[in-house]
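Student: I am new to this structure and would be grateful for a close look at a single part of it. Please explain that part in one connected account.

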Amino acid sequence: MVSYKSAAGRGAVVRLGLILVLVIILLPLFLLVSYSFMGVQELRELCGPVLSGLEGMSGFRLIPAYPTLRAYVRLLLDSPEFFTAFWNSCIQTGGILAGQLLTAVPAAWAFARFRFPGKGVLWFLYMLLMVLPFQVTMVSGYLVLSSVHLMDTPTAVILPGMFSTLPVFILRKSFSAIPGEMIEAAKVDGAGSLRIFLHVGLPLGKAGIFAILILGFLESWNAIEQPMTYLKTKAYWPLSLYLPQITASKAALAFAASIIMLAPALLLFFFGQDYLEQGIVASGIKE
């Protein structure tokens with residue numbers, strides 16, 4: 001009885017701790033949504049000391065005193081620069097994801113299923129590039145893009161992202177988890193390497209493919225350093241660079257734009273989290 005009570009007490013403490021952590025994690029998101037429905041004057045009263053350097057202390061309010069959709073209406077109907085930035089984000093992110101599908105998927109299949117000279121060395125180079133931060137390769141990437149006259153174009157952001165090594169690492173695990181018996185059975189039936197890849201590898205490795213698409217979208221959609229380094233013309237800037245340019249006097253606009261920018265990433269993550277988990281741990285297929 002004593003042990004049962006102590007175990008129940010520990011369980012209650014754990015649940016309480018998890019709830020507290022959840023509240024801390026969700027509170028900034030809740031405030032972001034709440035503040036996006038506040039008027040200019042209310043935001044000035046709450047955030048003025050922080051955003052505009054006004055005297056006094058910043059306030060804290062969970063629910064807007066006078067909810068309004070004015071910020072969303074102004075953003076969606078009277079902010080053409082927002083739509084330009086949104087379209088730029090879609091183009092750059094879509095180009096990167098399409099490029100990763102064309103390059104990372106065949107490369108991962110080759111690493112998982114083929115034997116060729118220099119495979120170990122090439123894989124080591126892939127892993128080395130994966131752990132190197134952008135700051136290390138920024139100058140060399142800048143020089144290469146400048147030499148081929150791609151600087152200050154959307155291609156300058158898309159091209160390096162297409163050859164990211166993380167998707168290859170994730171997909172190699174997913175493809176390696178495919179039972180060898182299935183590959184051998186396909187070969188016995190007369191299937192060639194390309195047919196095996198298209199009809200066996202892709203369907204059975206879809207968890208990993210969805211995982212790299214989700215991770216690639218989250219990384220590309222929220223990228224700041226790459227567009228900031230390679231894009232100088234504001235007409236090419238994505239949303240990640242557009243939001244910091246909104247001044248303190250347009251705080252309501254900034255909160256509304258942040259919600260719209262956050263929505264696609266949240267929806268993609270919630271609906272694809274099962275594929276994401278399976279792809280990362282490479283547990284979608286077991287022998």
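**Helix H5 and its surroundings**

Tutor: Val121 lies in helix H5, where helices are DSSP runs of H or I with at least four residues, strands are runs of E with at least two, and both are numbered from the N terminus. The model is predicted, so local features need pLDDT of at least 70 and side-chain atom pairs pLDDT 80 or more, while totals for chains, interfaces and linings use all residues. Residues are numbered from 1 along each chain as its sequence is written, and side-chain values use heavy atoms, without hydrogens and water.

Val121 counts as exposed because its relative accessibility is 56%; exposed means over 50% relative accessible area, buried under 20%, and partly exposed in between (1.4 Å probe, protein chains only). Val121 also belongs to a nonpolar surface patch of about 970 Å², together with residues including Phe114, Leu122 and Val136. Such a patch joins nonpolar side chains (Val, Leu, Ile, Met, Phe, Trp, Tyr) within 5 Å, from residues with over 30% relative accessible area and no salt bridge, that is, no side-chain nitrogen of Lys or Arg within 4 Å of a carboxyl oxygen of Asp or Glu. Helix H5, residues 119–131, gives the most to this patch, with seven residues.

Helix H5 also meets helix H8 (residues 166–176): their axes come within 9 Å and cross at roughly 125 degrees, the axes being lines fitted to C-alpha atoms over the stretch in contact, with angles from 0 to 180 degrees between N-to-C directions. H5 is therefore oblique to H8, a word for angles outside the ranges under 35 (roughly parallel), over 145 (roughly antiparallel) and 65 to 115 degrees (roughly perpendicular). Trp123, Tyr126, Met127 and Met130 of H5 make the contact with Leu166, Val168, Phe169 and Arg172 of H8, contact meaning heavy atoms within 4.5 Å.

Key: Patches are made of residues with over 30% relative accessible area and no salt bridge: like charges are joined within 9 Å, nonpolar side chains (Val, Leu, Ile, Met, Phe, Trp, Tyr) within 5 Å. Accessible areas come from the Shrake-Rupley method with a 1.4 Å probe; for residues, only the protein chains shown count as cover.
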